[in-house]
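Open the model in your viewer and keep the selection tool ready. We will go stop by stop.

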Amino acid sequence: MLFPGDCPVFARFRSNVGDMVTTFIALSILTASALLVLGNLRMVAVDTFDAMTSYARRARQTGQMTRHVAYFALWLMIFIMSYA
């Protein structure tokens, strides 16, 4: 019978504190990035809208709207499935 202190899985985490520090730093950067985006959400929305309208305008002018819409749909599907 294994006790929590004798489990080889938990022993690996206890013996390597450097990985825990790396995880803490990564989570801190992720949290700070999310807070920055949420703090400037209106500007992000405006920039995204401007980029999408100019992209659609160029796609219409070059006559490749179908190809661009299919590519956008592919990336949208990948993005949605990554959160599912």
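Helices here are DSSP runs of H or I, at least four residues long, numbered from the N terminus. With that in hand, select Gly 63, which comes just after α3. Gly 63 takes a positive phi of about 75°. Keep in mind that this is a predicted model.

**The whole chain**

Now zoom out. The chain has four helices and zero strands. Follow the sequence and you read α-α-α-α. How many of the 84 residues count as buried? The share is 5%. Turn on the surface next. The chain exposes about 7,600 Å², and carbon and sulfur atoms supply 74% of that area.

**Helix α3**

Select residues 41-62, which make up helix α3. Try a ruler check on its 22 residues. The expected span is 1.5 Å times one less than the number of residues. For α3 that gives 32 Å, and the end C-alpha atoms are 32 Å apart, so the two values agree.

Stay in α3 and pick Tyr 55. Is Tyr 55 buried or partly exposed? Its relative accessible area is 28%, so Tyr 55 is partly exposed; the partly exposed class lies between 20% and 50%. Now add Met 65 to the selection. Tyr 55 and Met 65 are 10 residues apart in sequence. In space, their C-alpha atoms are 9.7 Å apart.

**Helix α4: His 68**

Move on to residues 65-83, helix α4, and select His 68. His 68 has 17% relative accessibility, so it counts as buried; the cut-off for buried is under 20%. What does His 68 touch, leaving out residues up to four places away in sequence? The answer is Tyr 55 and Ala 59. Show the side chains of these residues. You have already met Tyr 55, in helix α3.

**The aromatic pair**

Next, select Tyr 71 and Trp 75. A search of the whole structure finds one aromatic pair, and these two residues form it: their ring centres are 6.3 Å apart and their planes meet at 75°, so the pair is edge-to-face. The edge-to-face class needs planes over 60 degrees apart. A pair of aromatic rings is described by the distance of the centres and the angle of the planes.

Look down at the backbone. Tyr 71 and Trp 75 are four residues apart in α4, so about one helical turn separates them. Tyr 71 is partly exposed, at 48% relative accessibility. Trp 75 is partly exposed too, at 47%.

**The nonpolar patch**

For the last stop, select Met 52, Phe 72, Leu 76, Phe 79, Ile 80 and Tyr 83. They form a nonpolar patch on the surface. Together they have about 650 Å² of accessible area. Which helix gives the most to the patch? Helix α4 does, with five residues.

Finish by clicking on Leu 76, in helix α4. Leu 76 has 38% relative accessibility and counts as partly exposed.

Definitions and conventions:
Residues are numbered from 1 along each chain as its sequence is written. This is a predicted model: local features need pLDDT of at least 70, side-chain atom pairs count only at pLDDT 80 or more; totals for chains, interfaces and linings use all residues. Side-chain values use heavy atoms; hydrogens and water are left out. Helices (H or I, at least four residues) and strands (E, at least two) are DSSP runs, numbered from the N terminus. Buried means under 20% relative accessible area, exposed over 50%, partly exposed in between (1.4 Å probe, protein chains only). Contact means heavy atoms within 4.5 Å. Rings of Phe, Tyr and Trp (its six-membered ring) pair if their centres lie within 6.5 Å; planes under 30 degrees apart count as stacked, over 60 as edge-to-face and the rest as tilted. Patches are made of residues with over 30% relative accessible area and no salt bridge: like charges are joined within 9 Å, nonpolar side chains (Val, Leu, Ile, Met, Phe, Trp, Tyr) within 5 Å. Accessible areas come from the Shrake-Rupley method with a 1.4 Å probe; for residues, only the protein chains shown count as cover. A salt bridge is a side-chain nitrogen of Lys or Arg within 4 Å of a carboxyl oxygen of Asp or Glu.
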